[in-house]
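Reader: I have a model open and would like to talk it through with you. Could we begin with the interior and work outwards?

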Amino acid sequence: MAVTGTERPAETMSETGTLSVEVWRGRDDGRFQSFTVPHRANQTVLDIVTWIQRHAEPALAYRFACRVGVCGSCAMTVNGKPRWTCRTHVGKVAVDGHLRIEPLRNLPRLKDLAVDMTPFFEKWQAAEGRFHPTKTRRDPLSTISPSSPKRQAADAGIECINCGVCHAACDVVAWNDDYLGPAALNRAWTLVNDERDGGKRTVLDAVSQGGGCHSCHSHGSCVEHCPVGLNPTRGIAGLKRMTLVGLLSGDAG
Amino acid sequence: MRLRPARNHPGFWAFAAHRVSGVALALFLPVHFLLLGTALDGAAGLDSALALTENPLVKIAEWGLVVLLTAHLMAGLRVLVLEFLPWRDSMKRLIALGAAVAAVVGVIFLVQVG
């Protein structure tokens, strides 16, 4: 039966059994704590964590803000995979009514499900992942054709929400402390394709150092797990090509 | 507590095949040179070394060598395609194709030898 207007199927709001949920408590030397949580239709993993904090364990620490997949705050490890919890339906990830929720991998743990994102954003800056302006407010706006290949390449990577899922999924981030990571390199790729950015050379220098784009092993775990469907591996391959061309043409320092 | 990484996807398996075959082939290389080196003292030395290849165990090892070489070649081609050609969304199909080529070469070797 089609559902129209504000009418909703009765089962949407009713409980459909319970879930057994294991949640990581503490910092590095912590333990899993088990909770039994009512299972509802269309429930997200973030709903589960919020239910636990409100009804079972008020001291549970976690991070969220927008609840609609825009702010990138609520990423956690759910049944072994890094995910944005606010847009992850329990029905799609629970195995036999069971969920195991842990903090993100590859970032320092603070408490329970919250990690310190500082290294993630420091690497973003180390990759020169910020706009380098060339004009003042008195100059006319740049005219960029949305259909130009460079703008399309930049657009393909621009929707990153900084959630850290790719950083947590990446093996090279785990193996090499200096590696800038897929998110920072993806941002660098959008900048070198942005015709308004004046720092192309600076960005290419930053991403071709040790721990830069050439450290990527092209596993593609970032692509597999990116919740908004970006392809950092593609951008990193582009940076590898661009820095190599720069080296061969004597353009890179 | 360390978290296990989520790696079960074709890109990771292509990397793993490349790395494992690379290390195994690097370990084999000294044996290969040793074998070739026996020819320096005349044909007889090389011939007696080559006679070892009639041993069934060595035959199996040879089959492994052929499969490893093909897998390594295919995984290397993947890296070159990924890094030097424009991006293609069929990358996973290419990985499957490379694995299929390695398997077919392995079967051909078995048929030829058997």
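**The core and its surroundings**

Author: This is a predicted model. Its largest nonpolar core has 73 residues, and those with the most contacts inside it are Val21(A), Ile48(A), Leu99(A), Ile101(A), Leu185(A), Ala188(A) and Val207(A).

Reader: Which element gives the largest share of this core?

Author: Helix 7 of chain A, residues 182-192, does so with seven residues.

Reader: And where does this core lie with respect to the domains?

Author: It lies between domain 1 (15-115) and domain 2 (118-134 + 144-248) of chain A, because both of them give residues to it.

Reader: Let me take Leu99(A). Which residues does it touch, leaving aside those up to four places away in sequence?

Author: Leu99(A) touches Leu19(A), Val21(A), Val45(A), Ile48(A), Val78(A), Asn79(A), Val90(A) and Ala94(A).

Reader: Asn79(A) is on that list. What is its place in the backbone, and what phi does it take?

Author: Asn79(A) belongs to the hairpin of strand 3 and strand 4 of chain A, which has two residues between the strands, and it takes a positive phi near 45°.

Reader: How many bridges join those two strands, and do they run parallel or antiparallel?

Author: Strand 3 (residues 75-78) and strand 4 (residues 81-84) of chain A run antiparallel and are joined by four bridges. Within the pair, Thr77(A) stands opposite Pro82(A) of strand 4.

Reader: Back to the domains, please. How many residues of each are in contact?

Author: The contact involves 15 residues of domain 1 of chain A and 15 residues of domain 2 of chain A. On the domain 1 side, strand 3 and strand 4 of chain A each supply at least two residues. Strand 4 of chain A gives the most to that side, with four residues.

Reader: What is the make-up of that side by class?

Author: The side of domain 1 of chain A that touches domain 2 divides into eight nonpolar, three polar and four charged residues. As for the separation, the centres of the two domains of chain A, taken over C-alpha atoms, are 29 Å apart.

Reader: Now the other chain. How many residues does each chain bring to the contact?

Author: Chain A brings 20 residues and chain B brings 14 residues. On the chain A side, the elements that give two or more residues are strand 4, helix 6 (171-175), helix 9 (221-225) and helix 10 (232-248). Helix 10 of chain A gives the most, with four residues.

Reader: And the classes on the chain A side?

Author: The side of chain A that touches chain B has four nonpolar, eight polar and eight charged residues.

Reader: I also noticed Cys66(A). Is it buried or exposed, and where is it placed?

Author: Cys66(A) counts as exposed because 12 other C-beta atoms lie within 10 Å, and the cut-off for exposed is 12 or fewer. Cys66(A) is in the loop between helix 1 (45-55) and strand 3 of chain A.

Reader: How far is Cys66(A) from His167(A)?

Author: Their C-alpha atoms are separated by 21 Å, and the two residues are 101 residues apart along the chain.

Reader: Lastly, what is the overall picture of chain A?

Author: Chain A has 10 helices and seven strands. Its C-alpha trace spans about 65 × 50 × 35 Å along its principal axes. Of its 253 residues, 41% count as buried.

Methods: Residues numbered from 1 in each chain as written. Chains lettered and ligands numbered in written order. Predicted model: local features only at pLDDT ≥ 70, side-chain atom pairs only at ≥ 80, totals over all residues. Pairing = 2+ DSSP bridges. Domains from an automatic or database assignment. Contact = placed C-beta atoms within 7 Å. Nonpolar A, V, L, I, M, F, W, Y, C, P; charged D, E, K, R; others polar. Buried ≥ 20, exposed ≤ 12 C-beta atoms within 10 Å, placed from the backbone. Core = buried A, V, L, I, M, F, W, Y, C linked by C-beta atoms within 7 Å.
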